[in-house]
Amino acid sequence: MQRVYNFSAGPSVLPEPALTKAAEEMLCCGDSGMGVMEMSHRSKAYEAIIQGAEALLRELMDIPDNYKVLFLQGGASSQFAMVPLNLMGRTGKADFVVTGQWAKKAAQEAARYGVVNTVASSADAVFNYIPALDKSAFDPDASYFHITSNNTIYGTRYTELPDTGNVPLVSDMSSLILSETAEVSKYGLIYAGAQKNMGPAGVTVVIVREDLLGHAMEHTPTMFKYDIHAANASMYNTPPTYAIYIVKLVLEWVKELGGVPAMQALNEEKAKLLYDFLDGSSMFKGTVVKKDRSLMNIPFVTGDDALNDKFIKEAKANGFENLKGHRSVGGMRASIYNAMPKAGVAALVEFMKEFERVN
Ligand SMILES: *Cc1c(COP(=O)(O)O)cnc(C)c1O
């Protein structure tokens with residue numbers, strides 16, 4: 001069977017060269033005589049893989065030396081607890097901007113460990129915009145300030161970062177990481193589940209400034225302490241070895257294509273193809289305020305549920321998979337992560353044009 005164009009929001013499409021290499025190395029990786037899944041995480045062969053993955057991520061994101069890179073398990077959702085457990089103890093308070101379900105879940109989880117101040121929310125319009133931030137609503141005494149850089153479900157993204165002064169900025173970059181350049185030094189902590197833009201489910205990357213380590217709340221489980229993982233180079237216990245290996249292959253592919261700036265330029269072209277079509281269409285409409293449009297997740301509707309269903313069904317029959325929108329938004333959503341080729345977006349636009357003509 002032929003591979004389809006997979007517009008899944010996550011787990012999502014991976015670059016074919018990475019998958020091909022993984023297939024080649026499935027039974028025997030390098031001169032180890034075994035597959036990566038079978039290796040001891042303490043072996044020399046595996047050490048080269050995890051250290052290689054970290055070095056590549058540092059290079060591609062230009063991560064300063066005073067930041068630790070951690071490969072953890074438990075998904076981005078575990079970070080909703082791990083961030084407050086490790087960072088909130090300083091003042092017992094944190095600022096949150098609620099721009100969607102993930103941001104809301106992060107805020108709700110943090111509220112179990114301290115006081116959450118909701119600086120702003122876009123819940124009033126089904127999260128179809130990024131709210132303007134009034135600095136007078138920021139708590140200068142917050143332990144950190146949390147944002148969700150790209151809102152996977154609603155298709156919005158920050159194009160300007162809040163100026164939080166000395167309060168460390170924390171970002172959930174699950175669906176943004178490696179899609180556009182980010183200045184790591186502007187953040188205290190960045191976290192991202194790999195399954196959107198970096199690799200398979202099962203590994204979560206945390207990039208954390210060193211001075212934020214070592215202040216975890218007393219009752220924090222050992223496995224939830226950043227400093228434990230940092231001191232053990234993500235090897236306190238068995239890390240998700242195979243997922244990290246795939247991340248390394250994906251990072252090699254990103255580097256080969258010219259790094260994150262080249263990825264961003266390509267993503268801008270891909271997103272423009274689809275947004276330009278949506279703006280000119282009399283059947284399909286984007287759902288997000290223009291200035292806050294995501295490059296990665298593009299929700300759209302026809303305004304007619306029956307027509308949406310027909311479109312999703314016919315798209316599937318034509319090799320365009322996973323275009324159904326999130327249940328909280330309805331309609332359609334095309335997730336066009338790094339690994340979605342421009343040809344895939346162009347083919348989708350052609351298919352939408354034809355659907356509009358016939359219907
Ligand atoms: C997918 C996603 C999550 C949840 O990730 P899990 O790995 O399933 O816990 C959190 N935040 C954002 C922005 C996401 O896109």
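**How the terms fit the structure**

Tutor: Met-198 is placed in the loop between strand 9 (189–193) and strand 10 (204–209), where strands (E, at least two residues) and helices (H or I, at least four) are DSSP runs numbered from the N terminus. This is a predicted model, in which local features need pLDDT of at least 70 and side-chain atom pairs count only at pLDDT 80 or more, whereas totals for chains, interfaces and linings use all residues. Residues are numbered from 1 along each chain as its sequence is written, and side-chain values use heavy atoms, with hydrogens and water left out.

Student: Why is Met-198 called buried?

Tutor: Buried means under 20% relative accessible area, exposed means over 50%, and partly exposed lies in between (1.4 Å probe, protein chains only). Met-198 has a relative accessible area of 0%, so it is buried.

Student: Which residues is Met-198 in contact with, leaving aside its neighbours within four places in sequence?

Tutor: With contact taken as heavy atoms within 4.5 Å, and those neighbours left aside, the partners of Met-198 are Ile-177, Leu-178, Ala-192, Gly-193, Val-205, Val-247 and Val-250. Met-198 and Ser-174 are 24 residues apart in sequence, and their C-alpha atoms are 8.9 Å apart in space.

Student: Which residues surround the ligand?

Tutor: A residue is near a molecule if one of its heavy atoms lies within 4 Å of it, and the residues around the ligand include Gly-75, Ala-76, Ser-77, Phe-80, Trp-102, Ser-174, Gln-195 and Lys-196. Helix 3 (residues 75–87) gives the most to this shell, with four residues.

Student: How do you know that the side chain of Gln-195 makes a polar contact with the ligand?

Tutor: A polar contact is a pair of N or O atoms within 3.5 Å; within protein, one must be able to donate a hydrogen and the other to accept it, and residues adjacent in sequence count only if both atoms are side-chain atoms. An N or O atom in the side chain of Gln-195 lies 2.9 Å from an oxygen atom of the ligand, which is within that limit. A polar side-chain atom of Thr-152 is 2.4 Å from a ligand oxygen, and for Ala-76 a polar backbone atom is 3.2 Å from an oxygen atom of the ligand.

Student: What makes His-215 partly exposed, and His-146 buried?

Tutor: His-215, in the loop between strand 10 and helix 5 (226–231), has a relative accessible area of 48%, which lies between the two cut-offs, so it is partly exposed. The side chain of His-215 reaches the backbone oxygen of Asp-211 at 3.3 Å and the backbone oxygen of Leu-213 at 3.4 Å. His-146 belongs to strand 5 (residues 145–148), and its value of 2% is under the cut-off, so it is buried. The side chains of His-146 and Tyr-191 are joined by a polar contact of 2.7 Å.

Student: Why does Thr-164 count as buried?

Tutor: The relative accessibility of Thr-164 is 14%, which is under the cut-off, so it counts as buried. Thr-164 is in the loop between strand 7 (156–157) and strand 8 (169–172), and its side chain reaches the backbone oxygen of Val-167 at 2.7 Å.

Student: How do you know that strand 11 and strand 12 pair?

Tutor: Two strands pair if DSSP finds at least two bridges between them, and strand 11 and strand 12 (residues 297–301) are joined over two bridges in the antiparallel sense, so they pair. In one of these strands, strand 12, Val-301 is the bridge partner of Lys-285. Strand 12 is joined to strand 14 by four bridges, again antiparallel, with Phe-300 opposite Met-332.

Student: Why are strand 11 and strand 14 said to stand at the edges?

Tutor: Three strands form an open antiparallel sheet in the order 11-12-14. Strand 11 (285–286) and strand 14 (332–335) each have a single partner strand, so one side of each is left without a neighbour in the sheet.

Student: What makes Asp-62 and Phe-127 stand out in their phi values?

Tutor: Most residues other than glycine have a negative phi, and most peptide bonds are trans. Asp-62 has a positive phi of about 50°, and Phe-127 has a positive phi of about 55°, although neither is a glycine. Asp-62 is exposed, because its relative accessible area of 62% is over the upper cut-off, whereas Phe-127 is buried at 8%. The peptide bond from Gly-10 to Pro-11 is cis, with omega near -10°, and Pro-11 is in the loop between strand 1 (5–6) and helix 1 (16–24).
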